[in-house]
Every structure is written in structure tokens, then in C-alpha cells.
Amino acid sequence: MIGFLIAGLIIGALARLIKPGKQNLGILATLGLGLVGSLIGGLIASALGTGSIWELNVLGFVLAVIAAVLLIGVAEGVAGKNRTRA
């Protein structure tokens with residue numbers, strides 16, 4: 001469980017480094033997006049036949065980072081819409 005949290009934080013941090021611009025996300029949001037990204041990447045890698053979702057493999061890691069980058073973009077879009085309405 002602790003390894004899963006650490007992996008989610010690393011994936012979220014890498015996604016924030018890859019995504020251009022400044023993201024107004026705290027460490028908990030980064031952790032959450034990294035965890036969700038790692039689940040999505042693991043599911044896709046598992047569907048492609050690279051092993052179990054809970055196994056650490058290169059394809060799953062790369063897909064998790066890509067999913068987290070996309071999730072950060074979605075989170076920024078949602079936050080941006082909320083700011084313009086206020």
C-alpha cells in the first residue's frame with residue numbers, strides 16, 4: 001500500500017514536470033491524480049497483456065504518466081471554468 005502511494009506521488013510529480021505551464025495543484029491533488037493515472041495506466045497495460053495491474057512494468061509506468069498528464073489537463077480545465085464563474 002505504501003509503495004502504491006509513493007508510486008502515485010512519483011507519477012503525479014513526473015506528470016506535472018512534463019505538463020507545460022504552472023499548475024495550481026497541491027501535493028494531495030498531485031498524489032490523487034498520480035494514483036488515478038497509475039490505475040488507468042495499469043489497466044491499459046494489463047489489457048495489452050503485459051501482466052497484472054499491480055505489477056511494476058515499463059509500459060504500465062509510461063502509460064500511467066501519460067494518463068496523469070491528461071488528468072492534470074482536465075483538472076486545470078475544470079479549475080479554470082470554476083474561476084471564471086466566480
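User: Which residues of α2 are buried, and what makes a residue count as buried?

Analyst: In this predicted model, the buried residues of α2 are Thr30, Leu33, Gly34, Leu35, Gly37, Ser38, Gly41, Gly42 and Ala45; each is called buried because its relative accessible area is under 20%.

User: Why are α1 and α2 called roughly perpendicular to each other?

Analyst: The axes of helix α1 (residues 2–18) and helix α2 (residues 27–47) cross at roughly 100 degrees and come within 7 Å. Angles of 65 to 115 degrees count as roughly perpendicular, and α1 and α2 are therefore described in that way.

User: Which residues of α1 and α2 meet, and how does their contact divide by class?

Analyst: On the α1 side, Phe4, Leu5, Gly8, Leu9, Ile11, Gly12, Ala13 and Arg16 meet Ile27, Thr30, Leu31, Gly34, Leu35, Ser38 and Leu39 of α2. By class, this contact has nine nonpolar, five polar and one charged residues, with Gly counted among the polar ones.

User: How do you know that the span of α2 agrees with its number of residues?

Analyst: Because the expectation is 1.5 Å a residue, the 21 residues of α2 should span 30 Å, and the end C-alpha atoms of α2 are indeed 30 Å apart. Just after α2, glycine 49 takes a positive phi of about 90 degrees.

User: What does the model show over the residues that UniProt lists as "transmembrane region"?

Analyst: The unreviewed UniProt entry lists residues 25–49 and 56–75 under that name. Over residues 25–49 the chain is 84% helix and 0% strand, with end C-alpha atoms 33 Å apart, while over residues 56–75 the chain is 90% helix and 0% strand, with end C-alpha atoms 26 Å apart.

How values were computed
Residues numbered from 1 in each chain as written. Predicted model: local features only at pLDDT ≥ 70, side-chain atom pairs only at ≥ 80, totals over all residues. Heavy atoms only, no water. UniProt positions renumbered as here; feature names shortened; annotations may be inferred. Helix = DSSP H or I, 4+ residues; strand = E, 2+ residues; numbered from the N terminus. Axes fitted to C-alpha atoms, helices over the stretch in contact; angles between N-to-C directions. Parallel < 35°, antiparallel > 145°, perpendicular 65-115°, else oblique. Contact = heavy atoms within 4.5 Å. Expected span 1.5 Å × (residues − 1). Buried < 20%, exposed > 50% of the residue type's maximum accessible area, 1.4 Å probe, protein only.
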